[in-house]
There are 2 protein chains.
Amino acid sequence: MIAEIISVGTELLMGQVLNTDAQYMARELAPAGVNVYHQVTVGDNPERLKDTLKTALGRADVVILSGGLGPTGDDLTKLVVADLLGLPMVRSPEAEQELYLRFSSFRNREMTPNNLRQADFPQGSTLLPNPNGTAQGCFVEQNGKTIVLLPGPPRELFPMFHDYVMPHLLKRAGHRLYTREIRIFGMGESSVEHAIRDLIEKQDNPTIAPYAKTGEVTLRVTARCQEEKEGELLVAPVVEEIESRLGDVVYSTNGESMPELLSRLMIEKNATLAVAESCTGGLLSSTFIDVPGSSTYFLEGMVVYSDSAKIRRLNVSNTILRQNGAVSAECAKEMAAGMCRTSGADYALATTGIAGPGGAKANKPVGLVYVALAGGDKVLVKKLNLTGDRKRVREMATLNALDMLRRLLMDLPQAE
Amino acid sequence: MIAEIISVGTELLMGQVLNTDAQYMARELAPAGVNVYHQVTVGDNPERLKDTLKTALGRADVVILSGGLGPTGDDLTKLVVADLLGLPMVRSPEAEQELYLRFSSFRNREMTPNNLRQADFPQGSTLLPNPNGTAQGCFVEQNGKTIVLLPGPPRELFPMFHDYVMPHLLKRAGHRLYTREIRIFGMGESSVEHAIRDLIEKQDNPTIAPYAKTGEVTLRVTARCQEEKEGELLVAPVVEEIESRLGDVVYSTNGESMPELLSRLMIEKNATLAVAESCTGGLLSSTFIDVPGSSTYFLEGMVVYSDSAKIRRLNVSNTILRQNGAVSAECAKEMAAGMCRTSGADYALATTGIAGPGGAKANKPVGLVYVALAGGDKVLVKKLNLTGDRKRVREMATLNALDMLRRLLMDLPQAE
C-alpha cells in the first residue's frame, strides 16, 4: 500500500511551526508496511492544494491531509476535497450536536455560525471523533482510494491517527503490528548499526528502525502479524539476538526510559537517593523528578555551584579545593560522600566539571567532567572527556551519572 | 521570488528524523520576501527525485535541495541534478584537497575512494564551504533558475544556509534584512495577536511573525532594506508600538532570553542568588546555569523534595508543614527566607507545588504551585493554578519564578 502525506498550512510554509505531524505519521506507517514516497507541504491556497491532492491521488492509494479543518475562512481542506471528488458538503447532525455540547463547556468561547462549518463534511464521509478539539476528522473513499482528513494540532492529530487511522489502514492491509523498543546507552549509533548490520539488511518481518538522540540510541523492532501472540514470537528472538550482541549497553527492551528504570529499581530495593551537582546544575535532580512518584526515593538534591557552598553544605575539604581544584576526582568523591552523609540517603551521585564555553584551564579542558557515586562504604568515580556545547556536556554528564547508578544497582561492571 | 524546498532522504520518509531543516530555511526565507509555496520530501530514489526536481523547476525560481550529498551509494542528489540539467560531473581540485586535509585530521576515519565523490559537482557549480562536515554544498544556475544543494545534517545546513545561501538570495532580490525579536511572558499567543491584529493585518515592510512555545510568545519584526540603518529605522517604531500596547509582559526587544536577561541584571547589580526547589526539582537552578557565566552570581541551589530536607536544610517549621502542608504559601515563604539566610545570597527563589499526575488532595489540585522570592527583608509569594501535564506544570512554575525575579530587579509591579 502506498500513502502520501499532505500537510496544509501557511504557518508551515513560513516556518512558524515545526512539522511534527508528518514525522509522527511516517513513523507509524513505515513498520505497518505502508510505503510513503512523498510528503508535501502546501499553504491555505485552494488551487495549489487541489493540484497537490490530484497529483497525490494519481500515485498513492491513501492520501492523508492534516490541517485546515478549523472554523476560519483559511480552513479549506474539506471544501477542496469535496470539489475535486465532485461531492456536495453535507452537515452532520451528530457533529453539530457535538459542537454545541463542546461549546457549552467553554467559559470564554461563543459558538458562532462559522464554527458550524466544522460540522460539514464531503458527502459519504466516515467521521473521526476528536476528544481534544472541535475539529472532527474524516475518511472519504472513492474509486478504491482513501482520503483521510485530520486536524493540524499535534495533540489532536496524534491520538486521532493512532486510535482511528492506523487501525483502519491495518485492517485494510489485513494485519496488525507488534512493537518492542530496545534502549541503548554507551554505544554510538554507527557502532550499533555496525554490530547488527546483517540483521538490518535482511530485515523484512520484523523490521528494525534506529532513532538517535543525545547519548542514546533506540531500536524499534516491529512485526506485522495477525495476533499479538504471533507478533511477540516474531519479535522476541530478534530482540534477544540484538541484546546478546550489544551486551549491557542495552538498558531496556520494553521501552522503559533510564529514569523510569532507575525509579523502579530504587523503589523495589526500598533505597533512597540524594544528588550533589556542580556542572550539571540541577539537570540531574530534574531528570529523576521528571518521573512521577520520585518522592518515594528521592530525598534531596543540591546545586553546590560555588566553592563556598561545596565546603559549607558538603564538607568538601579546603585542601582538596586548593590542591586538586573543584573539577577533580577527589572533589567529586568528597561531594558524593558528603551528600550521602548529610542527607542520610543510601546512595548519592555527584557531578563536577567544565561545561564551557569559558572556564577551561591548562590541564582542564571544556568537557572534562567527574561523576561520583557513593553508596555503602564505597565511592566510585568516573572521568569523562565530553565534546560539544555547554548543553551537550551537561546532558551527557547527566546521562553518565544515571548509567553509573544503573550499573551499581544491577550489579553490572562500570563502563570504561 | 518563488523558492521551493526539497528534502531528500528515506530516513525522513520513514519518520526516523524530524525535518528541522525545512522549518529553519522557511523561517529565514519568509521575511526576505521569498515565497515558498511547496515543501516536498522524497527518498533516496533517483526517478522520484528527478520528477520532483522537474516539477519544482517548473514553478519556482530557486529550488533548494537538502540531503543526499554524502559518500555512500544512496547519496544521489548531485548526480540527479547533473542528469536533469544535462551537465557532466566534474571533480573540483579545491574540494579534493579540502577532503584530504579534513580526513588527515580524523583519528578513526580512513579516506576511501567513495569519499572522493564528495569532491565531484555538476559542471559550473559554485561551491559552498562546510566547516562542520565533509560534504560541501553548491549553487548551479541554468536558464535563470538557481538550484541550491545543501548537506542534510542541521548542524551543517543551518550555518551554510545562513552564511552563503541567504546573502546570495538577498543579493539577487536586491535587498538585505534587519530583524528584531520581541519576547513576551505572561500573555497568551491569541491575546498577543488580538492586541496587535491591525499591525499584523497591514504588515508589509516590516513583517511581524509570531512564534509560541510553553508560556512564551516571540514576535519577529523584520524589514527588507538597503542598509542596516534603514532597517533599524523601519523596525524601531513597530517594536515601540508593540511594546507600548503590550506593556511590561514584554521582557526583551533584542532577542535576549529571560535567563540571559536575569543573568545580565544580577551581574550588573553585583547581586547573588540561591534557589530552593520542591516541585520544579532542579529545573529552576538548571535554567540559570544554562547561561554561561552563571557562576558569577549563582551561589547554590537545593532540591528539598522531602519534608525532612525542608526542615533540616532550610529550617522550615514543623508546625507549618503539619498545619499548612508543604504545598502552601507559608511553606514557600519559609523556603525562600531559609535559603536566603543559610546561603548568604541577596535573593532566593523557592517553589513548592503539585506537579502531578498523583499527589492531589481535596483543596490542593494538580497544578497548584506557590513561588516565593526573598530579598532584603521582604518575601513575596505568588499562587499559580497551572494546567497541563507534569512537564508543563514544572516548566510554567519555573518561568513564573524567573518572571518574579525580573519584576523585582526591574522595579516592575508583580503580575497578578
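This is a dialogue on how to read several features of a predicted model.

Colleague: How does chain B relate to chain A when one is laid on the other?

Modeller: In this predicted model, a turn of 180° with a shift of 0.1 Å along the axis lays chain B on chain A with an RMSD of 0.2 Å. That is the relation of a two-fold axis. As for the contact between the copies, 100% of the interface residues of chain B are also interface residues in chain A, so the two meet through the same surface.

Colleague: How many disulfides does the structure hold over all chains?

Modeller: A disulfide requires two cysteine sulfur atoms within 2.5 Å, and over all chains the structure holds 0 of them. Take Cys331(A), which is in no disulfide, the nearest cysteine sulfur being that of Cys279(A), 11 Å away. In chain B, the sulfur of Cys331(B) has its closest cysteine sulfur in Cys279(B), and because the separation is 11 Å, the two are too far from each other for a bond.

Colleague: Is Cys331(B) buried or exposed?

Modeller: Residues under 20% relative accessible area are taken as buried, and Cys331(B), with a value of 0%, is therefore buried. Cys331(A) likewise counts as buried, at 0% relative accessibility.

Colleague: Which residues does Ile320(A) contact, leaving aside its neighbours within four places in sequence?

Modeller: Ile320(A) is found in helix α14 (residues 318-323) of chain A and is buried, with a relative accessible area of 13%. Its contacts beyond those neighbours are Gly325(A), Ser328(A), Glu330(A), Cys331(A) and Glu334(A). Although Ile320(A) and Cys331(A) are 11 residues apart along the chain, their C-alpha atoms are separated by 6.5 Å.

Colleague: What span should helix α15 of chain B have, and how far apart are its end C-alpha atoms?

Modeller: An α-helix has 3.6 residues a turn, so residues three or four places apart point the same way. For the span, the 15 residues of α15(B) (residues 329-343) should cover 21 Å at 1.5 Å a residue, and the end C-alpha atoms are 21 Å apart, which agrees. The buried residues of this helix are Cys331(B), Ala332(B), Met335(B), Ala336(B), Gly338(B), Met339(B), Cys340(B) and Ser343(B). Just after α15(B), Gly344(B) takes a positive phi of about 75°.

Colleague: Why is strand β3 of chain B described as largely enclosed by the rest of the structure?

Modeller: One asks how many of the strand's residues are buried, and for β3(B) (residues 62-66) the answer is 5 of the 5, so the strand is largely enclosed by the rest of the structure. Both faces are covered, with Val62(B), Ile64(B) and Ser66(B) buried on one side and Val63(B) and Leu65(B) buried on the other.

Colleague: Which strands pair with β3(B)?

Modeller: Strand β1 (residues 2-8) of chain B pairs with β3(B) in the parallel sense over 5 bridges, and β3(B) also pairs in the parallel sense with strand β8 (residues 145-150) of chain B, over 5 bridges. Val63(B) shows both pairings, since Glu4(B) stands opposite Val63(B), while in β8(B) the bridge partner of Val63(B) is Ile147(B).

Colleague: With which side chain does the side chain of Thr222(B) make a polar contact?

Modeller: Thr222(B) lies in strand β11 (residues 216-225) of chain B and is buried, with a relative accessible area of 1%. Its side chain makes a polar contact of 3.2 Å with the side chain of Thr179(B). Not counting residues up to four places away in sequence, Thr222(B) touches several others, including Pro31(B), Leu177(B), Asn205(B) and Val235(B).

Key
Residues are numbered from 1 along each chain as its sequence is written. Chains are lettered from A and ligands numbered from 1 in the order in which they are written. This is a predicted model: local features need pLDDT of at least 70, side-chain atom pairs count only at pLDDT 80 or more; totals for chains, interfaces and linings use all residues. Side-chain values use heavy atoms; hydrogens and water are left out. Buried means under 20% relative accessible area, exposed over 50%, partly exposed in between (1.4 Å probe, protein chains only). Helices (H or I, at least four residues) and strands (E, at least two) are DSSP runs, numbered from the N terminus. A polar contact is a pair of N or O atoms within 3.5 Å; within protein, one must be able to donate a hydrogen and the other to accept it, and residues adjacent in sequence count only if both atoms are side-chain atoms. Contact means heavy atoms within 4.5 Å. Copies are superposed by least squares on the C-alpha atoms of residues with pLDDT of at least 70 in both. Two strands pair if DSSP finds at least two bridges between them. The expected span of a helix is 1.5 Å times one less than its number of residues.
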